[in-house]
Amino acid sequence: MPNINAAITAVHAWVPEDILSNKDLEKMVDTNDEWIRTRTGIEERRILKGEGLATSDMAVEAVGQLLEKKGIAKEEIELVIFATVTPDTTMPDTANTLCTKLGLTNAYGFDLNAACSGFIYAITVGNQFIKSGTHKKVIVVGGDKMSSIIDYEDRATCIIFGDGCGAVLLEPTIESVGVQDSILKGDGVGREFLYITSGGSKVPNTVETIKNKDNFVRQNGAPVFKAAVKGMSNVVSELLEKNNLGIDDISWLIPHQANKRIITSVANSLKFPMEKVTMNIHKYGNTTAATIPLCMWEWEDQFKKGDYIILTAFGGGFTWGAVLIKWAY
Ligand code: COA
């Protein structure tokens with residue numbers, strides 16, 4: 001029996017049209033364009049506007065266009081793994097809603113919450129479904145409507161996050177391409193630095209929690225920053241060592257887009273040249289589970305078959321990790 005690998009055979013993404021610029025934010029909170037650019041690298045973010053529009057609506061666009069681009073019938077998709085912290089509703093799950101909205105009539109799906117590491121967790125899970133031989137067409141989505149959980153009076157968070165969605169198709173291959181390895185990590189100590197207080201089973205929402213705005217994301221930026229740099233640098237080093245690879249063997253590093261200074265610190269600590277690091281945070285901000293597929297989508301034309309690419313992310317929890325892939329097309 002040949003060794004089956006899970007290859008990424010298509011990628012696509014979608015972002016809403018509406019732009020929230022630093023100048024716009026200057027009118028909303030005590031901040032300024034120069035501070036945001038120099039501290040985060042962000043110039044603007046996209047915001048999903050429109051009554052009733054949710055994370056699944058962005059995924060309908062991203063996944064629908066991916067299938068069209070790849071020329072695959074909707075009925076062929078067997079499974080959707082949806083990484084998100086902004087599900088349309090707590091129940092039912094967003095993957096299920098997406099399957100029905102898009103007409104993926106033979107697919108089932110589930111959501112996966114690992115905050116900003118969601119996409120690399122989901123790729124790792126999808127890889128298992130393909131490698132085991134049980135599934136042949138798995139869609140992995142990373143999408144978040146962060147604007148639905150942001151307090152636009154809190155300058156510590158509203159300057160950072162934006163909305164967007166990206167997706168990849170995983171298919172089996174017996175070539176030595178596709179997902180090669182993955183290291184995922186977690187540590188619940190991070191829950192005091194990046195969190196939403198209410199809306200879960202611990203503190204269900206009440207009139208009081210809504211009045212206190214406890215249903216929005218809060219963060220203590222500095223400890224998150226430090227842990228993110230350390231976590232991503234260490235896990236990428238571990239992944240390289242485990243696979244007997246050096247920095248020179250890697251064609252691209254695709255880091256989670258949380259802060260330009262986090263990205264450059266990770267690259268510097270790994271001695272990874274910035275020209276091989278994807279960065280589009282200036283246009284989209286931190287779109288949580290969507291940042292990595294948004295980068296893959298924008299850099300797709302530059303990837304070559306056989307390129308070693310490392311995806312790395314860090315997020316609430318804390319959760320973090322790195323995935324080694326060999327580009328398949
Ligand atoms: N606009 C203007 N000034 C601001 C500001 C804003 N939006 N936010 C904070 N400041 C001020 C602070 O009040 C402080 O002023 P002081 O020196 O007079 O006290 C100063 O800027 C520095 O604040 P600090 O919080 O130390 O800034 P920082 O360099 O740590 O940058 C973040 C803040 C949030 C940009 C940074 O910590 C960060 O990116 N952290 C990681 C967050 C993240 O990635 N979260 C998602 C995880 S995946």
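This is a short chat about how two domains meet in a predicted model.

Trainee: What makes this a two-domain protein, and where do the domains lie?

Mentor: A domain assignment splits the chain into domain 1 (5–176) and domain 2 (180–326). Their centres, taken over C-alpha atoms, sit 14 Å apart. The contact draws 50 residues from domain 1 and 46 residues from domain 2.

Trainee: Why is Asp151 with Lys213 called a salt bridge?

Mentor: The cut-off is a side-chain nitrogen of Lys or Arg within 4 Å of a carboxyl oxygen of Asp or Glu. The closest N and O atoms of Asp151 and Lys213 are 2.9 Å apart, so the pair qualifies.

Trainee: How many salt bridges are counted between domain 1 and domain 2?

Mentor: Six. As for polar contacts, 22 residue pairs across the interface meet the rule, both residues at pLDDT 80 or more.

Trainee: Which element gives the most to the side of domain 1 that touches domain 2?

Mentor: Strand 7 (163–173), with six residues. Other elements giving two or more residues include strand 1 (5–14), helix 2 (33–40) and helix 5 (118–131).

Trainee: What kinds of residues make up that side of domain 1?

Mentor: They split into 23 nonpolar, 15 polar and 12 charged. Gly goes in the polar group, so any glycine there would be counted among the 15.

Trainee: And how do you know what area is buried between domain 1 and domain 2?

Mentor: Interface size is often given as the accessible area lost when the parts come together. Here that comes to about 3800 Å², summed over both domains. Carbon and sulfur atoms give 61% of it.

Definitions and conventions. Residues are numbered from 1 along each chain as its sequence is written. This is a predicted model: local features need pLDDT of at least 70, side-chain atom pairs count only at pLDDT 80 or more; totals for chains, interfaces and linings use all residues. Side-chain values use heavy atoms; hydrogens and water are left out. Domain bounds come from an automatic or database domain assignment. Contact means heavy atoms within 4.5 Å. Buried area is the accessible area (1.4 Å probe) that two parts lose on being put together, summed over both. A polar contact is a pair of N or O atoms within 3.5 Å; within protein, one must be able to donate a hydrogen and the other to accept it, and residues adjacent in sequence count only if both atoms are side-chain atoms. Helices (H or I, at least four residues) and strands (E, at least two) are DSSP runs, numbered from the N terminus.
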